[in-house]
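User: I have a structure to study for class. Can you take me through a few of its residues?

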Amino acid sequence: MALDQSFVGRTYPPTPAYEVGREKIREFAEAVGDTNPAYVDPEAAKALGYPDVIAPPTFVFSITFKAAGQVVQDPQLGLDYSRVVHGDQKFAYERPVRAGDRLTVTSTIESIKSLAGNDIVDVRGEVHDESGEHVVTAWTKLVARAAEEA
């Protein structure tokens with residue numbers, strides 16, 4: 001059954017603040033194989049004009065995808081998470097994520113589509129720091145695969 005279109009535009013409360021740590025940034029950069037010194041060396045980051053190390057561009061996925069869980073877990077929406085796969089991801093940055101940032105994410109359902117029995121939900125996550133500055137917008141596409149016919 002197709003998801004209810006009336007959920008398009010629904011915004012969920014901001015997440016609790018996530019404090020970005022140097023070690024988390026280093027671990028993430030290492031895990032994705034990115035050797036940019038600005039991700040691990042505070043002096044290299046300062047030489048580029050940043051107050052501390054910065055995170056690789058995809059680092060914020062870990063908090064925006066978790067925030068999209070509010071959408072997935074909304075019982076009124078009725079999305080079957082056991083059938084969900086991650087369809088796409090994109091980011092638009094105002095500035096890099098930095099060690100010491102305390103970030104919150106506000107998720108909004110941008111669109112709901114049904115295609116070949118699959119439900120496709122696009123979620124926009126607006127990421128702000130503790131002063132309210134917009135840091136990045138992330139778009140996550142979730143695809144709930146159609147149930148297999150017997």
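**Two residues and a cavity**

Analyst: Start with D34, in the loop between α1 (22-32) and α2 (42-47). Keep in mind that this model is predicted.

User: Is D34 buried, partly exposed or exposed?
Analyst: The relative accessible area of D34 is 31%. Buried means under 20%, and exposed means over 50%. The value for D34 falls in between, so D34 is partly exposed.

User: Which backbone nitrogen lies 3.1 Å from a polar atom of the D34 side chain?
Analyst: Do not look among the contacts A29 and Y39, which leave out residues up to four places away in sequence. Look at the side chain of D34 and a polar atom there. The backbone nitrogen 3.1 Å from that atom belongs to N36.

User: Now T140. Is T140 buried or exposed?
Analyst: T140 lies in strand β5 (residues 134-144). Its relative accessible area is 2%. The cut-off for buried is under 20%, so T140 is buried.

User: With which side chain does the side chain of T140 make a polar contact?
Analyst: T140 touches several residues distant in sequence, including F65, H86, D88 and Q89. The polar contact between side chains has a distance of 3.1 Å. The partner of T140 is Q89.

User: How many charged residues are in the lining of the largest cavity?
Analyst: This cavity has a volume of about 30 Å³. T140 is one of the residues that line the cavity, along with T64, A68, V105, S107, V123, G125 and A138. Four are nonpolar and four are polar. The number of charged residues is none.

Note on methods
Residues numbered from 1 in each chain as written. Predicted model: local features only at pLDDT ≥ 70, side-chain atom pairs only at ≥ 80, totals over all residues. Heavy atoms only, no water. Helix = DSSP H or I, 4+ residues; strand = E, 2+ residues; numbered from the N terminus. Buried < 20%, exposed > 50% of the residue type's maximum accessible area, 1.4 Å probe, protein only. Contact = heavy atoms within 4.5 Å. Polar contact = N/O pair within 3.5 Å; in protein donor to acceptor, adjacent residues only side chain to side chain. 1 Å grid on protein atoms, 1.4 Å probe; cavity = no way out; pocket = protein on both sides within 12 Å on 5 of 7 lines; lining within 4 Å. Points joined across faces, edges and corners; volume = space filled by probe spheres on them. Nonpolar A, V, L, I, M, F, W, Y, C, P; charged D, E, K, R; others polar.
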